[in-house]
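Work through the exercises below with the sequence and the structure at hand. Try each task before reading its solution.

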Amino acid sequence: MNKKIGLILALVLVAFLVMGTASAGLFDFLGGDNSGNATTNDEDTFIVGFDAEFPPYGYKDDSGNYTGFDLDLAKEVCDRNNWTFVAQPIDWDAKDAEIDSGSIDCIWNGFTIDGRENDYTWSDPYFDNKQVFIVRADSGIDTIDDLNGKTVETQKDSSALAALQGDNKTIADSFGTLTEVADYNTAFMDLKSSACDAIAMDIGVGEYDIKNQDNPDDFKVIDQYITTEKYGIGFKKGNDDLKNQVQDTLNEMFKDGTVAKIAEKYGISEDALIQP
């Protein structure tokens with residue numbers, strides 16, 4: 001009797017194993033990945049950690065592919081070094097754990113150096129990210145002083161908001177109102193409908209958003225900035241060898257005009273680039 005029970009249990013176990021293998025194969029056939037494991041990292045693979053919702057630096061396009069200014073730069077670096085390029089979207093709050101564990105090689109995604117100078121091994125700054133105001137082209141608003149008494153919107157938790165609540169609070173104090181919105185799509189809709197008079201935002205994101213409006217000429221950037229910050233590539237502290245190799249390649253790309261060409265593709269002004 002006990003032998004029969006044991007045989008039955010063994011057959012049940014085998015059945016479950018076969019079903020599990022078959023379902024895993026079907027899952028893979030359908031394009032899924034039930035392993036839960038990240039891409040294996042080695043000396044020939046360059047894994048870039050990025051926020052997948054931060055255009056134009058890194059985002060998912062209409063075809064479902066990851067793209068962006070920074071990702072294109074990283075891919076070109078890989079091509080020139082014969083590395084396999086992997087764009088790895090990450091939870092931005094977990095970026096330090098990702099880079100410390102070695103699951104990513106760097107953070108390259110509109111990543112601000114200012115205030116983090118001692119937290120990573122940094123590349124040279126390559127992008128001057130100014131906080132600016134976007135207004136309607138026919139608004140008659142040409143300077144920051146013209147925003148006196150006006151309604152200004154910015155995205156919650158943004159660098160522009162931090163600047164206007166911090167060292168540049170005197171600018172915000174001159175507004176009629178400073179309103180936080182969930183995203184810049186909302187802000188642009190409000191600007192188009194005259195629900196607000198200006199948007200405070202990153203210049204790179206602002207130029208990208210203007211380029212992708214139905215009528216880009218309806219908007220302009222005020223030729224004065226709130227504050228500025230520098231973008232760089234963040235590597236694990238002490239990883240100087242990889243940083244130097246990436247930096248040398250990026251310098252070549254600046255010199256031969258590749259960086260400027262990629263910037264143009266995403267509507268980024270060449271004036272924002274920091275030449276090495």
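**Exercise 1.** Decide whether K75 is buried, exposed or partly exposed, and describe how its side chain meets that of D79.

Solution. In this predicted model, K75 has a relative accessibility of 40%, and because the partly exposed class runs between 20% and 50%, K75 counts as partly exposed. D79, at 44% relative accessibility, is also partly exposed by that rule. The next step is to look at the pair itself: the side chains of K75 and D79 form a salt bridge, with 3.6 Å from N to O. Both residues belong to helix 2, where they sit four residues apart, about one turn of the helix.

**Exercise 2.** Find which residue forms a salt bridge with K265, and work out which parts of the chain the pair ties together.

Solution. The partner of K265 is D72, and the closest N and O atoms of the two are 2.8 Å apart. K265 lies in helix 9 (residues 258-265) whereas D72 lies in helix 2, so this salt bridge ties together parts that are 193 residues apart in sequence. The two ends also have their own accessibilities to compare with the cut-offs: D72 counts as buried because its relative accessibility is 18%, which is under the limit of 20%, while K265, with a relative accessible area of 48%, is partly exposed. The whole structure holds seven salt bridges, and E76, R80 and D256 are linked in a network of them.

**Exercise 3.** Establish what the side chain of E207 reaches, given that E207 is buried yet has no salt bridge.

Solution. Begin with the charges: side chains of opposite charge can pair when their charged atoms come close. For E207, the nearest side chain of opposite charge is K130, 9.1 Å away, and a salt bridge requires a distance within 4 Å. The side chain of E207 instead reaches the backbone nitrogen of S269, at 3.0 Å. Setting aside neighbours within four places in sequence, E207 is in contact with G267, I268 and S269. E207 itself is part of helix 7 (residues 203-211).

**Exercise 4.** Describe the largest pocket, and name the element that gives the most to its lining.

Solution. The largest pocket has a volume of about 970 Å³. Its lining is made up of 28 residues, and those closest to its centre are D51, E53, F54, Q155 and Y184. At least two lining residues come from each of strand 2 (53-54), helix 6 (184-192), helix 7 and strand 12 (219-231). Helix 7 gives the most, with three residues.

Methods: Residues are numbered from 1 along each chain as its sequence is written. This is a predicted model: local features need pLDDT of at least 70, side-chain atom pairs count only at pLDDT 80 or more; totals for chains, interfaces and linings use all residues. Side-chain values use heavy atoms; hydrogens and water are left out. Buried means under 20% relative accessible area, exposed over 50%, partly exposed in between (1.4 Å probe, protein chains only). Lys and Arg count as positive and Asp and Glu as negative; His and the chain ends are not counted. A polar contact is a pair of N or O atoms within 3.5 Å; within protein, one must be able to donate a hydrogen and the other to accept it, and residues adjacent in sequence count only if both atoms are side-chain atoms. Contact means heavy atoms within 4.5 Å. On a 1 Å grid over the protein atoms alone, a cavity is a set of points where a 1.4 Å probe fits but cannot get out, and a pocket is an open set with protein on both sides within 12 Å along at least five of seven lines; lining residues have an atom within 4 Å of a point. Grid points are joined across faces, edges and corners, and a volume is the space filled by probe spheres set on the points.
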